[in-house]
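Biologist: I would like a close look at one part of this protein, with the rest of the chain brought in afterwards as context. Please take the model slowly and keep to what the coordinates support.

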Amino acid sequence: MCTGRIDLGFIARSFYNGADGVYIAGCRLNECSYITHGNYYALNMTLLFKRIMEYIGLNPKRLQLEFMTSSDAQYFSGSVNDFVEKIRKLGPLGDKEGLSDEEIKERLYKIITLIPYIKIAERERLRLRINNPEEWEKIYTLEHVKNLIENTPSYWIDPEKCSACTLCAQRCPVDAIDGGKNKIHIIDQEKCIKCGNCLLVCPTKFSAVQKLTGKPVPPPIPEEKRIKVRPSS
Ligand code: SF4
Ligand code: SF4
């Protein structure tokens, strides 16, 4: 019902599932019926995803956002017809871009797995309310998106430092930390959405959680070595 509900995941999954183009229609900026002004959020999401498309080699013209009111019937139909014509000229997704279906799926899948991290890292920009279209192109540059994706951090728990206090596991929003009392905690890298909570809550006296950028995550320690032996009183 509202473009404020648009999520990067909706757009990414549409292309992943074979859409050749995605068209989003929402209320005009500053004419939101509520206080949320969700259409600005949709605008920022769309601008960001267009840059992501550029980064992964897809033509960003395949994604379009239009603002209109419910009385703009003629504008709506004309705009949709133009979009359909544009997509027909571009052909199936990947055609003009020179990418196979497998390559597209592989690239989009990587983006889909990074979406929670991207939304956290970009939360300030996604809240922007910039009215001037001339400023929109500057919100997300290709360089910015490249840095964002290529410097995705990983979080890792140093087994030598973990004291099994369980704080990080309690605060992980996606249950990505396996632990328990007297058990050295480990992060399931497949589940981790890179929110950074574990780093924030791990007590300074342990400082067991590390943020790794640009280097591989060490493999988890074997199960039999995870029992935390505490000095006896
Ligand atoms: S970074 Fe966030 S999601 Fe990942 S393990 Fe830490 S708390 Fe969980
Ligand atoms: S908060 Fe730190 S010390 Fe406590 S279980 Fe997690 S990693 Fe280990």
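Biologist: How many residues surround ligand 1, and which are the closest?

Modeller: Please keep in mind throughout that this is a predicted model. Ligand 1 is surrounded by 13 residues, and the closest of these are Cys-172, Cys-192, Cys-195, Asn-197 and Cys-198. Sorted by class, the shell around ligand 1 consists of 10 nonpolar residues, two polar residues and one charged residue; cysteine is placed in the nonpolar class here, so the cysteines just named are counted on that side of the division.

Ligand 2 can be described in the same terms. Its surroundings comprise 15 residues, with Cys-162, Cys-165, Cys-168, Cys-202 and Ala-208 as the closest, and this shell around ligand 2 divides into 11 nonpolar and four polar residues, with no charged residue.

Some of the residues close to ligand 2 reappear in the contacts of His-185. That histidine is located in the loop that runs between strand S4 (177-178) and strand S5 (186-187), and it counts as buried because 25 C-beta neighbours lie inside 10 Å, where 20 or more are required for that label. Leaving aside residues up to four places away in sequence, His-185 touches Ile-157, Cys-162, Ala-164, Cys-168, Ala-169, Ile-177, Asp-178 and Gly-179; Cys-162 and Cys-168 are also among the closest residues to ligand 2. Further along the chain, Ile-221 is separated from His-185 by 36 residues in sequence, while the C-alpha to C-alpha distance between the two is 9.7 Å.

The loop between S4 and S5 also holds Asn-182, whose phi is positive, at about 65 degrees, although the residue is not a glycine. Most residues other than glycine have a negative phi. Asn-182 counts as partly exposed because it has 13 C-beta neighbours inside 10 Å, whereas His-185 in that loop is buried.

A second residue with a positive phi is Ser-207, where the angle is about 40 degrees although this residue, too, is not a glycine. Ser-207 sits in the loop between helix H9 (197-201) and strand S6 (209-212), and it is exposed because 12 other C-beta atoms lie within 10 Å. When residues up to four places away in sequence are not counted, Ser-207 touches Lys-161 and Cys-202, and Cys-202 is one of the closest residues to ligand 2.

For the wider setting, the protein is divided into domain 1 (3-150) and domain 2 (153-233), and the C-alpha centres of the two domains lie 36 Å apart. One pair of residues gives a further distance: Ser-207 and Gly-26 are 181 residues apart along the chain, and their C-alpha atoms are separated by 46 Å.

Turning to the helices, H1 (residues 8-16) and H4 (residues 101-121) pack at an angle of about 175 degrees, with their axes 10 Å apart, which makes H1 roughly antiparallel to H4. On the H1 side the contact involves Leu-8, Gly-9, Ala-12, Arg-13, Phe-15 and Tyr-16, and these meet Lys-105, Leu-108, Tyr-109, Ile-111, Ile-112, Ile-115, Ile-118 and Lys-119 in H4. By class, the residues of this contact between H1 and H4 are 10 nonpolar, one polar and three charged.

Helix H2 (residues 38-56) and helix H7 (residues 142-150) meet in another way, at an angle of about 75 degrees and with their axes 9 Å apart, and the two are therefore roughly perpendicular to each other. Arg-51, Ile-52, Glu-54 and Tyr-55 of H2 make the contact with Leu-142, Val-145, Lys-146 and Ile-149 of H7, and the residues involved divide into five nonpolar, no polar and three charged. Helix H7 also contains Glu-143, which counts as exposed because it has 10 C-beta neighbours inside 10 Å. The C-alpha atoms of Glu-143 and Gly-98, which are 45 residues apart along the chain, are separated by 22 Å.

Finally, Val-80 lies in helix H3 (residues 73-90) and is partly exposed, because 14 other C-beta atoms lie within 10 Å. Val-80 and Gln-64 are 16 residues apart in sequence, and their C-alpha to C-alpha distance is 9.8 Å.

Note on methods
Residues are numbered from 1 along each chain as its sequence is written. Chains are lettered from A and ligands numbered from 1 in the order in which they are written. This is a predicted model: local features need pLDDT of at least 70, side-chain atom pairs count only at pLDDT 80 or more; totals for chains, interfaces and linings use all residues. A residue is near a molecule or strand if its C-beta atom, placed from the backbone, lies within 6 Å of it. Domain bounds come from an automatic or database domain assignment. Axes are lines fitted to C-alpha atoms, for helices over the stretch in contact, and angles run from 0 to 180 degrees between N-to-C directions. Helices (H or I, at least four residues) and strands (E, at least two) are DSSP runs, numbered from the N terminus. Angles under 35 degrees count as roughly parallel, over 145 as roughly antiparallel, 65 to 115 as roughly perpendicular and the rest as oblique. Two residues are in contact if their C-beta atoms, placed from the backbone, lie within 7 Å.
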